[in-house]
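Visitor: I've got a model to walk through. Could you take me round it, one question at a time?

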Amino acid sequence: MADRVYIDADVLILGGGTSGCIAAWEARQAGGDDLKIVIMEKAFIRHSGCLSAGMNALNMYINQGTPEDYVAYVRYDICGAPIREDIILSVALEVNDTVKLMESAGLPMKMKEDGRYLNRGKWNIEVNGSLLKPITASKAFDAGAEIYNRVYITELIIKDGSCVGAVGFGVRDGKFYICRGKVTLLCTGGAAGLWRPNNRRDAHHRIWYFPFNCGSAYAMCKRAGAEMTSFEMRLVPIRTKDTFSPTGTMSIGMGAPMVNALGEVFMEKDPYYVSWGGHTAPTPIRMLAFQRETLAHRGPIYLDTTKGDPAKVTGLKGQYLDMSPCIVLYWGCNDIDPSKEPIEIDGGDPYLVGAHAGMSGAWTKGITRETTVQRLYVSGDALGAAPSRFISGSWTCGRIAARHMVKALKENSYQFVDIEEGVCDTLEERTFGPLKRYQEKSAEGVWSDGTLMTGITHKDLESRMQKIMEEYCGGRTHWYFVNETYLDIARKHIKRMRQDQLQYLCVRDLHELQLAWDVINRLDVCQLVIEHMSFRKETRFPGYVNRTDYPEPDPEFDCFVNSVWEQETDEVRCFKVPYEQVVPGDRKKQSI
Amino acid sequence: MPPKVDPTKCDGCRGESEPLCEQVCPGNLMTLDKDTMKAIIRDKSDCWDCMTCTKACPRQAIQTVLQYQLAYFPGKLIPLVGTNSVTWTSIDCHGRVERFVMKTLVSGDDEDED
């Protein structure tokens with residue numbers, strides 16, 4: 001048995017990232033000095049997560065128009081598909097206030113001559129965000145939150161339909177952490193690494209999304225029996241070739257258009273793309289156009305920086321240094337000068353995100369951010385059906401979640417719930433399982449290369465999972481195509497891995513135990529993705545998921561696809577949930 | 001772009017409970033080699049290239065190097081972290097030098113001094 005650490009919190013925050021840190025701050029404002037706020041963080045809070053490399057823009061800001069106009073824009077950018085307009089609106093109403101708050105925390109804003117923030121396109125503002133994470137974390141310190149670094153949370157504790165805490169292991173100290181929360185906020189990010197990345201071997205983590213976000217929020221919510229939403233609505237990104245750096249800096253920042261090998265600006269030429277808005281068409285449509293141009297043998301495809309605003313090309317390297325410095329080195333090593341030649345782009349491996357141009361996550365009640373499991377809240381990428389919140393919107397969601405948590409805490413007078421010793425023992429055994437198994441199975445024989453005769457590694461499982469998802473669930477090399485036959489094969493293999501193969505997973509140390517849990521969580525997310533994709537028998541987000549057996553949108557599916565996992569049968573039960581339009585207007589048009 | 005540690009500069013952050021690069025790495029990848037007492041990366045292929053370790057190193061012993069499958073030798077990108085800014089020096093494969101000073105904080109507090 002490991003040494004145990006017992007932690008009690010009024011507000012328990014799992015994940016000290018973009019929304020978790022600001023949630024702590026807001027909880028303090030709303031809940032007063034006596035509130036005990038705890039953050040559990042798997043890395044080091046000042047430099048962890050998606051913001052660790054920095055970011056050069058905040059992609060949600062109401063520069064113009066109204067919060068309702070932002071909702072209309074988000075809806076349009078997802079091809080008019082159903083989104084939770086109530087949630088997006090609640091964020092849009094206070095995102096500007098949040099940005100002010102972060103400016104006062106030390107974030108350097110770029111200003112225009114008229115004293116307003118320097119905008120990039122309609123809804124974005126530029127910042128010098130290389131220290132975005134330390135600045136974000138400073139709000140958690142200001143709040144006096146108790147922060148535990150290097151603790152990997154493995155499971156929520158559910159009792160009588162309520163979340164009463166969580167358990168995990170110390171990545172450094174190997175202790176077993178048992179946390180009780182009167183209310184719990186789960187915000188541990190989205191999921192990368194389900195599909196095979198474009199770069200192999202020593203560059204396999206040279207991907208766009210943060211590779212250490214493995215969908216633990218989704219997996220833990222699923223296992224807790226929470227209602228999940230939109231796992232068929234993954235994000236398939238177009239990014240710079242090889243480095244997979246963000247492209248908005250060039251496409252929105254300097255108006256660089258996509259061109260094909262013939263130099264054609266196809267978004268402005270093909271009537272279908274033009275009907276969607278041309279150069280600024282919805283994100284999935286731009287991805288679709290990239291796919292079609294390449295499949296028609298008109299690749300490679302570029303962002304033509306030579307056709308953009310020449311005044312802005314000079315600042316390009318500096319902007320990338322604030323966010324994705326490796327591309328500046330890449331350009332230097334490969335003799336690429338973006339002012340003289342276009343920049344090649346590529347389709348990346350798909351991701352599950354809730355706060356970017358994807359909408360997977362937990363379903364929540366109204367605008368409370370409370371899941372269908374009582375006392376369990378989600379924010380950031382873990383919050384489903386509300387895309388395009390990005391960093392500024394995730395900060396804001398943290399605030400909104402925190403206020404609702406504090407309110408519920410007071411109104412319901414929630415108390416700590418006793419967790420039986422037997423429950424703790426079971427969870428501990430499960431948490432340390434792969435580590436313990438290594439010792440047991442070592443006795444059964446070791447090959448001359450040091451690997452176990454009766455065990456498999458986290459890397460083995462990851463490779464197998466990524467191969468299956470790549471080849472049978474619409475990976476990059478399959479041009480994101482799926483049909484029911486492919487999905488059946490994916491379903492069969494992922495089920496077998498989850499039900500039968502995890503018993504052989506063995507790891508040698510605490511670092512590897514973290515990686516083992518990453519793959520356990522990813523496999524649970526794979527299950528959600530496959531069942532959701534299979535249920536949505538239509539193509540609503542072309543470019544993201546191309547169903548060759550149902551290539552058109554079907555009005556019957558103009559709704560959310562939600563699901564609940566049944567523990568007894570290990571089945572994911574999918575069902576339709578109606579969409580409610582809050583902001584009137586044409587769903588396939590922007591309002592401004 | 002895995003971090004490479006120069007053993008002639010790295011002193012293992014003696015006096016710290018663990019080296020600063022180990023403290024800050026979001027992927028838990030940096031650690032101390034108990035034999036050499038120098039920092040090493042557990043698995044270079046798992047790095048995301050956020051450069052947090054490179055910026056945090058108090059002895060500038062870490063350089064991030066692109067994987068050869070992606071880029072030619074011998075380009076370099078060196079950040080020098082100041083109180084309210086970071087100065088980047090880019091040296092391309094032909095030795096051409098460019099320098100960029102990027103603001104990191106509005107006011108003079110200690111956010112970037114880990």
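What follows is a short tour in questions and answers.

Guide: This is a predicted model, where local features need pLDDT of at least 70, side-chain atom pairs count only at pLDDT 80 or more, and totals for chains, interfaces and linings use all residues. Residues are numbered from 1 along each chain as its sequence is written, while chains are lettered from A and ligands numbered from 1 in the order in which they are written.

Visitor: Which strands stand at the edges of the sheet S15-S10-S19-S20 in chain A?
Guide: This open sheet has four strands with antiparallel pairing; strands are DSSP E runs of at least two residues and helices H or I runs of at least four, numbered from the N terminus, and two strands pair if DSSP finds at least two bridges between them. Two strands here have a single partner strand each, so one side of each lacks a neighbour in the sheet: S15 (361-362) and S20 (571-578) of chain A.

Visitor: And what angle does helix H17 of chain A make with S20(A)?
Guide: H17 (residues 510-535) packs on that sheet, touching S10, S19 (559-566) and S20 of chain A; touching, or contact, means C-beta atoms, placed from the backbone, within 7 Å. Axes are lines fitted to C-alpha atoms, for helices over the stretch in contact, with angles from 0 to 180 degrees between N-to-C directions. On that basis the angle is about 50°.

Visitor: Which residue is the bridge partner of Met228(A) in S15(A)?
Guide: Met228(A) belongs to the S10 stretch, residues 228-229 of chain A, which pairs with S15(A) in the antiparallel sense over two bridges. Its partner there is Ala362(A).

Visitor: Which residue in S14(A) stands opposite Thr240(A)?
Guide: That takes us to another open sheet of four strands, ordered S11-S14-S13-S12 in chain A, with S11 (238-240) and S12 (258-259) as edge strands. S11(A) runs antiparallel to S14 (residues 343-347) of chain A, joined by three bridges. Opposite Thr240(A) stands Ile345(A).

Visitor: Where does the largest nonpolar core lie relative to the domains of chain A?
Guide: A nonpolar core is a set of buried Ala, Val, Leu, Ile, Met, Phe, Trp, Tyr and Cys residues joined through C-beta atoms within 7 Å, buried meaning 20 or more other C-beta atoms within 10 Å of a residue's own. This one has 227 residues, with Ile13(A), Ala24(A) and Leu186(A) making the most contacts inside it, and H17(A) gives the largest share, 13 residues. Because domain 1 (238-347) and domain 2 (433-560) of chain A both contribute, the core lies between them.

Visitor: Which helix gives the most to the side of domain 1 of chain A that touches domain 2 of chain A?
Guide: The bounds come from an automatic or database domain assignment, and the two centres, taken over C-alpha atoms, are 31 Å apart. The contact takes seven residues from each domain. Six on the domain 1 side come from H9 (residues 283-295) of chain A.

Visitor: How many residues does chain A give to the contact with chain B?
Guide: Chain B's side includes two or more residues each from H1 (20-24), S6 (85-91) and S7 (97-103) of chain B. Chain B gives 40 residues, and chain A gives 42.

Visitor: Last one: which residue in the turn between S2(B) and S3(B) has a positive phi?
Guide: S2 (residues 30-33) and S3 (residues 38-41) of chain B run antiparallel, joined by four bridges, with Thr31(B) partnered by Ile40(B). They form a hairpin with four residues between them, and the residue with a phi of about 60° is Met37(B).

Methods: Two residues are in contact if their C-beta atoms, placed from the backbone, lie within 7 Å. A residue is buried if 20 or more other C-beta atoms lie within 10 Å of its own, exposed if 12 or fewer, and partly exposed in between; C-beta atoms are placed from the backbone.
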